[in-house]
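Let's take a stroll through a protein model and see who sits next to whom. Keep the 3D view open and click along as you read.

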Amino acid sequence: MPWIFLESMEQLDTIETGSKERPQVIFKHSSTCGISSMVLKMFNGSYDPILDCDLYFLTIQAHRDLSNAIADKFGVRHESPQLLVIKNGKVSFHTSHGAIADLDLKDYL
């Protein structure tokens, strides 16, 4: 997976700005949750490498402050696992838990 690890507050501005050129996707993962691990594995297995987006990966336990900042900045309540698609500076789609494994990401880009 071409993950960009989300580890700093400055990256949230990069995501917002970058979303005006191409979709930005944030995957929020809980390293202590079995459901999150299962969903991540399924998402990785179904990912199409030709998709035109930037993929950010956030581990909640390492960066809870960023998870909270994402909720504040983009107006989406925190859940994990959670997937957000940002276009033109706003969340155009989000989902969580098992619904992530069932989605076809290209439908939302």
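## A walk through the model

Start at Glu7, which sits in the loop between β1 (3–5) and α1 (10–18). One thing to know before going further: this is a predicted model. Is Glu7 buried or exposed? Glu7 has a relative accessible area of 51%, and since the cut-off for exposed is over 50%, Glu7 counts as exposed. Setting aside its neighbours within four places in sequence, Glu7 is in contact with His63 and Leu66. Ser46 is another matter: it comes 39 residues away from Glu7 along the chain, and the two C-alpha atoms are separated by 25 Å.

Leu66 brings us to helix α3 (residues 64–74), where the buried residues are Leu66, Ser67, Ala69, Ile70, Ala71 and Phe74. Here's a handy bit of background: an α-helix has 3.6 residues a turn, so residues three or four places apart point the same way. What covers the buried residues of α3? The cover includes α1, β2, β3 (54–59), β4 (82–87) and β5 (90–96). After α3 comes Gly75, with a positive phi near 70 degrees.

Next, the aromatic rings. The whole structure holds eight aromatic pairs. In one of them, the ring centres of Phe27 and Phe43 are 5.6 Å apart and the planes sit at 35 degrees, so this pair is tilted. The two rings come from distant parts of the chain, with Phe27 in strand β2 (residues 24–29) and Phe43 in helix α2, 16 residues apart. Both are tucked away: Phe27 is buried at 0% relative accessibility, and Phe43 is buried at 3%. Phe43 also pairs with Tyr47, with ring centres 6.4 Å apart and planes at 45 degrees, so that pair is tilted too. Tyr47 is buried, with a relative accessible area of 13%. Zoom out and you'll find one aromatic cluster made of Trp3, Phe5, Phe27, Phe43, Tyr47 and Phe57.

Stay with helix α2 (residues 34–46), because Met38 is found there and counts as partly exposed at 45% relative accessibility. Together with Ile35 and Met42, Met38 makes a nonpolar surface patch of about 280 Å².

Now for the charges. Side chains of opposite charge can pair when their charged atoms come close. How many salt bridges are there? The count comes to six, and the table shows some of them.

| Salt bridge | Closest N to O distance |
|---|---|
| Lys73 and Glu16 | 3.1 Å |
| Asp54 and Arg22 | 3.4 Å |
| Lys106 and Asp104 | 3.1 Å |

Take the bridge between Lys73 and Glu16. This pair links distant parts of the chain: Lys73 is in helix α3 and Glu16 in helix α1, 57 residues apart. Lys73 is partly exposed, with a relative accessible area of 34%, and Glu16 is partly exposed at 27%. The side chains of Asp54 and Arg22 also meet in a salt bridge. That pair is a long-distance link as well, from Asp54 in strand β3 to Arg22 in the loop between α1 and β2, 32 residues apart. Asp54 is partly exposed at 22% relative accessibility, and Arg22 is partly exposed at 28%. Salt bridges with shared partners join Asp13, Glu16 and Lys73 into one network.

Last stop: the cysteines. How many disulfides does a search of the whole structure find? Zero. Cys33 is partly exposed, with a relative accessible area of 23%, whereas Cys53 is buried at 7%.

How values were computed:
Residues are numbered from 1 along each chain as its sequence is written. This is a predicted model: local features need pLDDT of at least 70, side-chain atom pairs count only at pLDDT 80 or more; totals for chains, interfaces and linings use all residues. Side-chain values use heavy atoms; hydrogens and water are left out. Patches are made of residues with over 30% relative accessible area and no salt bridge: like charges are joined within 9 Å, nonpolar side chains (Val, Leu, Ile, Met, Phe, Trp, Tyr) within 5 Å. Accessible areas come from the Shrake-Rupley method with a 1.4 Å probe; for residues, only the protein chains shown count as cover. A salt bridge is a side-chain nitrogen of Lys or Arg within 4 Å of a carboxyl oxygen of Asp or Glu. Helices (H or I, at least four residues) and strands (E, at least two) are DSSP runs, numbered from the N terminus. Buried means under 20% relative accessible area, exposed over 50%, partly exposed in between (1.4 Å probe, protein chains only). A disulfide is a pair of cysteine sulfur atoms within 2.5 Å. Contact means heavy atoms within 4.5 Å. Rings of Phe, Tyr and Trp (its six-membered ring) pair if their centres lie within 6.5 Å; planes under 30 degrees apart count as stacked, over 60 as edge-to-face and the rest as tilted.
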